[in-house]
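Here is a quick tour for someone who likes to poke at coordinates. Have a look at the chain first, and then we'll walk through a few of its features.

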Amino acid sequence: MGYYYMTQEGYDALNNTIKQLEAEERPKVTQQIAEARDKGDLSENAEYDAAKEAQAHLEDKIAMLKAQLGNARVLEPSQIKTDEVQILNHVRLLNKKKGEEKSYYIVSDAEANFKENKISVNTPIAKGLLGKKVGDIAEIQVPAGTLVFEILEITR
């Protein structure tokens with residue numbers, strides 16, 4: 001597992017999610033298991049099985065998020081260069097086929113939110129933009145075909 005480069009905001013949000021899962025969700029699941037156990041025979045108790053499965057999923061999620069947090073490297077804005085596209089850059093693009101402008105913020109997987117135009121550095125679009133400079137043309141293969149972007153601006 002490599003490093004997860006992220007903003008301080010993303011790091012804090014990830015840490016808060018872990019705390020919320022441990023402080024609120026974990027006790028709820030533990031309570032569900034206790035209630036199901038009190039209902040008797042565990043060998044045929046679907047509620048108990050479901051609660052134990054929910055507990056396993058929750059613990060897996062907490063472990064995964066803690067691993068991400070443990071591998072997180074917070075990048076300060078001053079560390080982010082804008083001479084070529086890299087993680088934590090805002091990139092303004094011109095879709096050459098449609099003639100439309102689009103902006104993306106390239107972030108870690110943990111911070112990605114497509115509704116906010118925050119795309120993971122591991123997406124095909126971000127991978128196709130990495131290393132490009134203002135004025136470069138990026139041809140990017142996506143499931144729907146080939147996107148052709150001109151890099152208009154790179155900012156922090």
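## Lys133 and Glu84

Let's start with an acidic side chain: Glu84 is partly exposed, with a relative accessible area of 32%. Keep in mind that this is a predicted model. Glu84 has a partner in Lys133, and their side chains meet in a salt bridge at 3.5 Å, N to O. Lys133 also counts as partly exposed, at 40% relative accessibility.

What parts of the chain does the pair link? Distant ones, 49 residues apart. Lys133 sits in the loop between helix H3 (124-129) and strand E6 (137-142), while Glu84 belongs to the loop between strand E2 (72-74) and strand E3 (90-95).

## Other salt bridges

How many salt bridges does the rule count? It comes to 8. As background, side chains of opposite charge can pair when their charged atoms come close.

One of the 8 is Glu59 with Arg26, where the closest N and O atoms are 2.9 Å apart. Glu59 is in helix H2 and Arg26 in helix H1 (residues 8-37), so this pair ties together parts that are 33 residues apart in sequence. Both ends fall into the middle accessibility class: Glu59 is partly exposed with a relative accessible area of 29%, and Arg26 counts as partly exposed at 28%.

Then there's Glu116, which forms a salt bridge with Lys118, the closest N and O atoms being 3.4 Å apart. Glu116 is partly exposed, with a relative accessible area of 49%. And which residues are joined into one network by salt bridges that share partners? Arg92, Glu101 and Glu153.

## Two domains and what lies between them

Zooming out, the domain assignment splits the protein chain into domain 1 (4-74) and domain 2 (89-155). Their C-alpha centres lie 34 Å apart. Contact between them involves 6 residues of domain 1 and 5 residues of domain 2.

For a number to hang on that interface, the size is often given as the accessible area lost when the parts come together. Here, the area buried between domain 1 and domain 2 is about 450 Å², and carbon and sulfur atoms give 55% of it. In domain 1, Tyr4, Met6 and Thr7 lose the most area to domain 2, together 58% of what that side buries.

## What holds the interface in polar terms

After all those salt bridges, how many does the rule find across the interface of domain 1 and domain 2? The tally there is 0. Polar contacts do turn up, with 2 residue pairs between domain 1 and domain 2, both residues at pLDDT 80 or more.

Strand E1 (residues 4-6) gives the most to the side of domain 1 that touches domain 2, with 3 residues. By class, that side of domain 1 has 3 nonpolar, 3 polar and no charged residues.

## Gln68, a polar residue to check

Gln68 lies in helix H2 (residues 46-70). Is it buried or exposed? Gln68 counts as buried because its relative accessibility is 10%, with the cut-off for buried at under 20%. Setting aside neighbours within four places in sequence, Gln68 is in contact with Tyr4, Leu14 and Ala110. Of these, Tyr4 already came up among the residues of domain 1 that lose the most area to domain 2.

Over in helix H1 is Pro27, which counts as partly exposed at 41% relative accessibility. The C-alpha atoms of Pro27 and Ala67 are separated by 21 Å, with the two residues 40 apart along the chain.

## Two backbone angles to look at

Most residues other than glycine have a negative phi. Leu88 is not a glycine, yet has a positive phi of about 70°. Leu88 is in the loop between E2 and E3, and is buried, with a relative accessible area of 4%.

Asn117 is another residue other than glycine with a positive value, its phi being near 60°. Where is Asn117? In the loop between strand E4 (100-107) and strand E5 (118-120). Unlike buried Leu88, Asn117 counts as partly exposed, at 27% relative accessibility.

How values were computed. Residues are numbered from 1 along each chain as its sequence is written. Side-chain values use heavy atoms; hydrogens and water are left out. Domain bounds come from an automatic or database domain assignment. Contact means heavy atoms within 4.5 Å. Buried area is the accessible area (1.4 Å probe) that two parts lose on being put together, summed over both. A salt bridge is a side-chain nitrogen of Lys or Arg within 4 Å of a carboxyl oxygen of Asp or Glu. A polar contact is a pair of N or O atoms within 3.5 Å; within protein, one must be able to donate a hydrogen and the other to accept it, and residues adjacent in sequence count only if both atoms are side-chain atoms. Helices (H or I, at least four residues) and strands (E, at least two) are DSSP runs, numbered from the N terminus. Ala, Val, Leu, Ile, Met, Phe, Trp, Tyr, Cys and Pro count as nonpolar, Asp, Glu, Lys and Arg as charged, and the others, Gly among them, as polar. Buried means under 20% relative accessible area, exposed over 50%, partly exposed in between (1.4 Å probe, protein chains only).
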